[in-house]
Amino acid sequence: MSGPEESWWDVDAGPIVRSFARTGGRTRPSRDEFNLITLIVATHPDTARPGLEPEHIGILRMCAGGPLSVAEISARLDMTVTVTKVLLGDLLDMGAIQTRAPIALAEAPDIQLLQAVLDGIRRL
């Protein structure tokens, strides 16, 4: 090591902090509500709450602008999905976020039906 020049970052390897250190050694979220396409919305983007880690704050700031999927959050924070789910579980337990299932394709409006209604209205 080179004293004051010592760095906790290796350009090729990334940060030296291991994933389990970010979650306090936990490997599973407190709730099993998350998959890759679960949408996350910040309900209270207050980042001054006690017990929030920098990763929690990053998630709250990202989700304050609108819903993001678990996969998007994981990618933006450059963390594994498992670590992201653990952190999201913490925020869900605090009431800082809400989860929302994406709209199922079967529930989405039929474009052809909407076009037919629009054409009918135009003919009136």
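## The overall layout

How many helices and strands does the protein chain have? Before counting, keep in mind that this is a predicted model. The answer is 5 helices and 5 strands. Starting at the N terminus and walking along the protein chain, you meet the elements in the order β-β-α-β-α-β-α-α-β-α.

Now for the protein chain as a whole. It has 124 residues, and 27% of them count as buried. The chain exposes about 8,600 Å², with carbon and sulfur atoms supplying 56% of that area. What about contacts across the sequence? Take the contacts between residues at least 6 apart in sequence: 66% of these join residues at least 24 apart.

## H56, a residue in helix α2

Let's zoom in on H56, which sits in helix α2, a stretch covering residues 54-63. Is H56 buried or exposed? Its relative accessibility is 3%, so H56 counts as buried; the cut-off for that label is under 20%.

Who keeps H56 company? If you skip its neighbours within four places in sequence, H56 is in contact with G51, L87, D90 and L91. There is also a link closer by in the sequence: the H56 side chain reaches the backbone nitrogen of E53, at 3.0 Å.

## T43, a residue in a loop

Next up is T43. You'll find T43 in the loop between β3 (39-42) and α2. T43 has 26% relative accessibility, so it counts as partly exposed. That label covers the range between buried, under 20%, and exposed, over 50%.

Which residues does T43 touch, leaving aside its neighbours within four places in sequence? The contacts are G95, A96, I97 and Q98. Here's another pair to look for in the structure: T43 and C63 are 20 residues apart in sequence, and their C-alpha atoms are 8.8 Å apart in space.

## V117 and a nonpolar patch

Finally, head over to helix α5, which spans residues 111-123 and includes V117. With 44% relative accessibility, V117 counts as partly exposed, because that value falls between the two cut-offs.

V117 is also part of a group. Together with L113, I121 and L124, V117 forms a nonpolar patch on the surface. The accessible area of these residues together is about 460 Å².

Key:
Residues are numbered from 1 along each chain as its sequence is written. This is a predicted model: local features need pLDDT of at least 70, side-chain atom pairs count only at pLDDT 80 or more; totals for chains, interfaces and linings use all residues. Side-chain values use heavy atoms; hydrogens and water are left out. Patches are made of residues with over 30% relative accessible area and no salt bridge: like charges are joined within 9 Å, nonpolar side chains (Val, Leu, Ile, Met, Phe, Trp, Tyr) within 5 Å. Accessible areas come from the Shrake-Rupley method with a 1.4 Å probe; for residues, only the protein chains shown count as cover. A salt bridge is a side-chain nitrogen of Lys or Arg within 4 Å of a carboxyl oxygen of Asp or Glu. Helices (H or I, at least four residues) and strands (E, at least two) are DSSP runs, numbered from the N terminus. Buried means under 20% relative accessible area, exposed over 50%, partly exposed in between (1.4 Å probe, protein chains only). Contact means heavy atoms within 4.5 Å. A polar contact is a pair of N or O atoms within 3.5 Å; within protein, one must be able to donate a hydrogen and the other to accept it, and residues adjacent in sequence count only if both atoms are side-chain atoms.
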